[in-house]
Amino acid sequence: MSHSLGIVIESLVAVLLMLTIGYCILLNNRLKRLKADEHSLKATIGELITATEIAERAIGGLKHTVRDVNVNLGNQLTAATQMSAQLKAQLAEGDGVIRRLSKIALAARPAEPQPAAPKVSAAKAVAAAAEAFSDRRRASGLAA
């Protein structure tokens, strides 16, 4: 019996050794896959670092462009404000000239309507009145 007990124990040890070898093979395969995944992960991390650096440079360029645009836009807004002020002043002067011309035209208008006078546009009438007024002023020696 001691001989058969030894064979049973030896067989059991052999079976356990076979299971251990099988499990080691399984672990080896898993370690190989893990190693392959590690290499692909390193490659992915490298690409991510490169993309991050490119994005940082692009952001720096965009910040520079925004600064330039702000400066240019500020200059253009300042110029537009000045131009607007100039146009406003010129419009005010133009209104004053129109008021004076209207007064001149009213002063130059004859008291009695002339019969059968051809119809003249308002602009031509104002110009003719201004010319007549300046002729009268020149005749009296007051024109500059």
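A residue is taken as partly exposed when its relative accessible area falls between the 20% under which it would be buried and the 50% over which it would be exposed. Glutamate 38, at 33%, is therefore partly exposed in this predicted model, and it makes a good starting point for a look at the charged side chains.

Two salt bridges were found in total. In one of them, the side chain of glutamate 38 meets that of lysine 35, with an N to O distance of 3.8 Å. Both residues belong to helix α1, where three residues, about one turn of the helix, set them apart. Lysine 35 is likewise partly exposed, its relative accessibility being 48%. Glutamate 38 also forms a salt bridge with lysine 42, here at 3.6 Å from N to O. This pair, too, lies in helix α1, with a spacing of four residues, again about one turn. Lysine 42 has a relative accessible area of 52% and so counts as exposed. Through shared partners, the salt bridges link Lys35, Glu38 and Lys42 into one network.

Helix α1 spans residues 2–108 and also holds valine 13. Together with Leu5, Ile9 and Leu17, Val13 makes a nonpolar surface patch of about 370 Å². The relative accessible area of valine 13 is 45%, which means that this residue is partly exposed.

Turning to the whole chain, the secondary structure consists of two helices and zero strands. Of its 144 residues, 3% are classed as buried. The exposed surface comes to about 12,800 Å², and 66% of that area is supplied by carbon and sulfur atoms.

Definitions and conventions: Residues are numbered from 1 along each chain as its sequence is written. This is a predicted model: local features need pLDDT of at least 70, side-chain atom pairs count only at pLDDT 80 or more; totals for chains, interfaces and linings use all residues. Side-chain values use heavy atoms; hydrogens and water are left out. Buried means under 20% relative accessible area, exposed over 50%, partly exposed in between (1.4 Å probe, protein chains only). Accessible areas come from the Shrake-Rupley method with a 1.4 Å probe; for residues, only the protein chains shown count as cover. Patches are made of residues with over 30% relative accessible area and no salt bridge: like charges are joined within 9 Å, nonpolar side chains (Val, Leu, Ile, Met, Phe, Trp, Tyr) within 5 Å. A salt bridge is a side-chain nitrogen of Lys or Arg within 4 Å of a carboxyl oxygen of Asp or Glu.
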